[in-house]
Amino acid sequence: MSDKASILEKIPEQGILPLYFDKDETVSLEVLKALYAAGIRMVEYTNRGEAALQNFKKMVALRNAEMKDLLLGIGTIKNKKMAETYIAAGADFIICPGLVEEVAEIADQHNMLWIPGCMTPSEIIKAENMGAKMIKLFPGDMLGPGFMSAIKSLFPDLLFMPTGGVSLDKDNIASWFKAGVCAVGMGSKLVSKDLLQKKDYPKIKEMAQQAIQVVNEVKS
């Protein structure tokens, strides 16, 4: 597992954090391969089904064998038990859909980066006071870049990443970076349900490459 400071540097460097879940183990592994082949070096797998833990363990094993420079995080962590389970399974970082204090405590005990989901200034203030370094703005499509612009000056020491509704559209991504985010989380707009069902891994790779290109153009 990588240290918190290293991951906090690498997320903005990549500028995009793909996230997905599929109950099928093979699909989960093949999507990871496609993202890696596209140049992605940080991925969030979401804890959204009974198969998630077993799939995640297989993904960690694949990473350890073939993708040693890949950082694999776990998302949708909502309580202490989930956090402990996935830390033991080899997660590099933890992402929550909300502000979960007991998850923060467990992550801190393991010197692991935790990224809470927040959608109000009060939640962000509480997260910062608890030691958060990065905030997941969620749901991004409801908050919008205007919200980010309005609050950015209040939190000069925090990094922000919107998740939910961020699309591959260059104008959409540009508006978020202009507002002050360090990266964007992309789920179904990148690894869509349709592509998962079709097992269209070449298309997933192509879209990930496109996303990297768009983000790099916007950042530069």
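**Notes on the predicted chain, starting with helix H7**

1. Let's start in H7, where Gly140, Leu143, Gly144, Phe147, Met148 and Ile151 are buried. Keep in mind while looking at this helix that the model is a predicted one.

2. What do those buried residues of H7 pack against? Two of the partners are helices, H6 (121-129) and H8 (170-179). The others are strands: E6 (117-118), E7 (134-137) and E8 (159-162).

3. Have a look at the length of H7 as well. It runs over residues 140-151, and its end C-alpha atoms span only 14 Å. A straight helix of twelve residues, at 1.5 Å a residue, would span 16 Å.

4. Stepping back to the whole fold, the chain has ten helices and nine strands. Its radius of gyration is 16 Å, close to the 17 Å from the globule rule for 220 residues, so the chain is as compact as a globular protein of that length. The C-alpha trace spans about 45 × 40 × 25 Å along its principal axes.

5. How much of the chain is buried? The figure is 53% of the 220 residues. As for the outside, the chain exposes about 9,800 Å², with 49% of that supplied by carbon and sulfur atoms.

6. On contacts, take the pairs of residues at least 6 apart in sequence: 62% of their contacts join residues at least 24 apart. Point 7 has a single-residue example to check on screen.

7. Val27 sits in helix H2 (residues 25-38). With 2% relative accessibility, under the 20% cut-off, it counts as buried. Leaving out residues up to four places away in sequence, Val27 touches Asp22, Leu196, Lys199 and Tyr201. Take Tyr201: 174 residues separate it from Val27 in sequence, yet the two C-alpha atoms are 8.9 Å apart in space.

8. Is Asn55 buried or exposed? This residue belongs to helix H3 (residues 52-66), and at 3% relative accessibility it counts as buried. Again setting aside residues up to four places away in sequence, Asn55 touches Phe21, Asp22, Lys23, Asp24, Glu25, Ser28 and Tyr45. Asp22 is worth clicking on here: it touches Asn55, and it turns up in the Val27 list too.

9. Last, the charges. The chain carries 26 positive and 27 negative side chains. How far apart do the centres of the two sets lie? They are 3 Å apart.

Methods: Residues are numbered from 1 along each chain as its sequence is written. This is a predicted model: local features need pLDDT of at least 70, side-chain atom pairs count only at pLDDT 80 or more; totals for chains, interfaces and linings use all residues. Side-chain values use heavy atoms; hydrogens and water are left out. Helices (H or I, at least four residues) and strands (E, at least two) are DSSP runs, numbered from the N terminus. The radius of gyration is taken over C-alpha atoms; the globule rule is 2.2 Å times the number of residues to the power 0.38. Buried means under 20% relative accessible area, exposed over 50%, partly exposed in between (1.4 Å probe, protein chains only). Contact means heavy atoms within 4.5 Å. Accessible areas come from the Shrake-Rupley method with a 1.4 Å probe; for residues, only the protein chains shown count as cover. Lys and Arg count as positive and Asp and Glu as negative; His and the chain ends are not counted. The place of a charge is taken as NZ of Lys, CZ of Arg, CG of Asp or CD of Glu. The expected span of a helix is 1.5 Å times one less than its number of residues.
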